[in-house]
Amino acid sequence: MWLDETFNLKYPVLQGGMAWVATAEFAAAVSEAGALGQIGSGSMTADMVRDSIRRVRELTDRPFGVNLMLMNPEADAIARVLAEEGVPLVTTGAGSPGKYISMWKEAGSIVIPVVSSLSLAQRMERQGADAVIAEGQEAGGHIGEQTSMVLWPLVADNLSIPMIAAGGIGSPRQIKAAIALGAEGFQLGTLFLSAEECPIHPAYKEAVIKATDTQVSVMGRVGGVPCRVLKNKFCRDYMSLEREGAEKEVLEEMLGGSLRQAVQEGNSEKGAFMMGLVAAGIKEIKPLNQLLADLFEGVDA
Ligand SMILES: Cc1cc2nc3c(=O)[nH]c(=O)nc-3n(C[C@H](O)[C@H](O)[C@H](O)COP(=O)(O)O)c2cc1C
């Protein structure tokens, strides 16, 4: 597949650059296990991103990536750090990275934006992206409207650059389905939360293992920033405030730091335990080597 051939990987898999979760140490461990690990820079300053990139390079010689959340107030500065450090892969979330693409390409990076619609995917192709990550709304975290089942073939059929499938992948059958729908690689977030090496609070990891299908829901639809999370106390409180028509500022304040509360404190009263619908099928905490071997059992990718 395009992804493993491009980066010389054992498995054609990107670990999603999850804010707060995807530290340098975790990204390096994923790359060492044969997939491609990414630093999630969503919660970082530009200096922290530079330190994290250098830390990954100390820990592994394998390729790695950095995810730039375009909503990050330091996005411009981080974008420059990525070019200065010449990271092998840049992915982006929450919008269009068009203005940075030529700078990253000149630095030798492969650039793969996350898209949740065909129109953004087409714009990214026109602006010079090497591939796109098409993410359906089954995914954990911030989501769009399209489902993976519909978005993946739409993007694969209408673009000439490769489509990496994301949103709802956690088993060999889902990998095979993504291949059937045109995938040239895969990006996973939720399954990686269940890895032994994943540096999230044990209560959060346990919540991923225990979640049933009806316990994973979407909050933030009212404010226009839908986000898929576990329906815990924090989520229920947030949704009732939304229903009551709370001010945007009140909601934003509640959201600020809520992923950190989940990742570092395991606090279900103040924490947004972001996870995708695929959590319902994840039942075990496994070391990365095992998790990846099991994901590709019987798959001819
Ligand atoms: C806890 C969590 C945090 C995430 N943070 C980011 C982020 O900062 N930037 C981004 O582009 N995607 C983010 N995502 C999305 C993932 O990178 C990935 O695309 C998604 O999880 C794939 O769907 P899945 O959860 O069904 O595997 C996050 C997902 C989760 C579960």
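The following exercises, each with a worked solution, concern a predicted model of a protein with a bound ligand.

**Exercise 1. Overall form**

Determine how the radius of gyration of the protein relates to that of a compact globule with 301 residues.

Solution.
- Step 1. For 301 residues, a compact globule would have a radius of gyration near 19 Å.
- Step 2. The protein has 18 Å, which agrees with the globule value.
- Step 3. Along the principal axes, the C-alpha atoms fill a box of roughly 50 × 45 × 40 Å.
- Step 4. The secondary structure consists of 14 helices and 11 strands, and 50% of the 301 residues count as buried.
- Step 5. Among contacts with a separation of 6 or more, 60% join residues 24 or more positions apart.

**Exercise 2. Domains**

State which residues form each domain, and describe the contact between domain 1 and domain 2.

Solution.
- Step 1. The domain assignment gives domain 1 as 2–198 + 282–295 and domain 2 as 212–274.
- Step 2. The centres of the two domains, taken over C-alpha atoms, are separated by 24 Å.
- Step 3. Nine residues from domain 1 and nine residues from domain 2 take part in the contact.
- Step 4. On the side of domain 1 that touches domain 2, five residues are nonpolar, four are polar and none is charged.

**Exercise 3. The ligand shell**

Identify which residues are closest to the ligand and which elements each supply at least two residues of its shell.

Solution.
- Step 1. The ligand is surrounded by 29 residues, of which Gly16, Gly93, Gly140, Gly189 and Gly276 are the closest.
- Step 2. At least two shell residues come from each of β3 (64–69), β9 (186–188) and α9 (190–193).
- Step 3. By class, the shell divides into 13 nonpolar, 14 polar and two charged residues.

**Exercise 4. Helix α2**

Decide whether helix α2 is largely enclosed or largely open, and name the elements against which its buried residues pack.

Solution.
- Step 1. Helix α2 spans residues 24–32, nine residues in total, and seven of these are buried, so the helix is largely enclosed by the rest of the structure.
- Step 2. The buried residues are Ala24, Phe26, Ala27, Ala28, Ala29, Val30 and Ser31.
- Step 3. These residues pack against three strands and two helices: β1 (13–15), β2 (37–40) and β3, together with α3 (46–59) and α14 (288–295).
- Step 4. After α2 comes Gly34, with a positive phi near 110°.

**Exercise 5. The nonpolar core**

Find which element gives the largest share of the largest nonpolar core, and which residues have the most contacts inside this core.

Solution.
- Step 1. The largest nonpolar core has 99 residues, and Val132, Ala134, Ile164, Ala165 and Met275 have the most contacts inside it.
- Step 2. Its largest share, six residues, comes from α2.
- Step 3. Domain 1 and domain 2 each provide at least three residues of this core.
- Step 4. Beyond four places in sequence, Ala134 is in contact with Val115, Ala121, Leu151, Trp152, Val155, Met163, Ala165 and Ala166.
- Step 5. In soluble globular proteins, nonpolar side chains tend to be buried together.

**Exercise 6. The surroundings of Ile133**

Establish whether Ile133 is buried or exposed, and list the residues that it touches.

Solution.
- Step 1. Ile133 belongs to strand β6 (residues 132–135).
- Step 2. A residue is buried if 20 or more other C-beta atoms lie within 10 Å of its own.
- Step 3. Ile133 has 28 other C-beta atoms within 10 Å and is therefore buried.
- Step 4. Apart from residues up to four places away in sequence, Ile133 touches Thr91, Ile112, Val114, Val115, Ile164, Ala166 and Gln187.
- Step 5. Thr91 is 42 residues from Ile133 in sequence, yet their C-alpha atoms are 8.4 Å apart in space.

Methods:
Residues are numbered from 1 along each chain as its sequence is written. This is a predicted model: local features need pLDDT of at least 70, side-chain atom pairs count only at pLDDT 80 or more; totals for chains, interfaces and linings use all residues. Helices (H or I, at least four residues) and strands (E, at least two) are DSSP runs, numbered from the N terminus. The radius of gyration is taken over C-alpha atoms; the globule rule is 2.2 Å times the number of residues to the power 0.38. A residue is buried if 20 or more other C-beta atoms lie within 10 Å of its own, exposed if 12 or fewer, and partly exposed in between; C-beta atoms are placed from the backbone. Two residues are in contact if their C-beta atoms, placed from the backbone, lie within 7 Å. Domain bounds come from an automatic or database domain assignment. Ala, Val, Leu, Ile, Met, Phe, Trp, Tyr, Cys and Pro count as nonpolar, Asp, Glu, Lys and Arg as charged, and the others, Gly among them, as polar. A residue is near a molecule or strand if its C-beta atom, placed from the backbone, lies within 6 Å of it. A nonpolar core is a set of buried Ala, Val, Leu, Ile, Met, Phe, Trp, Tyr and Cys residues joined through C-beta atoms within 7 Å.
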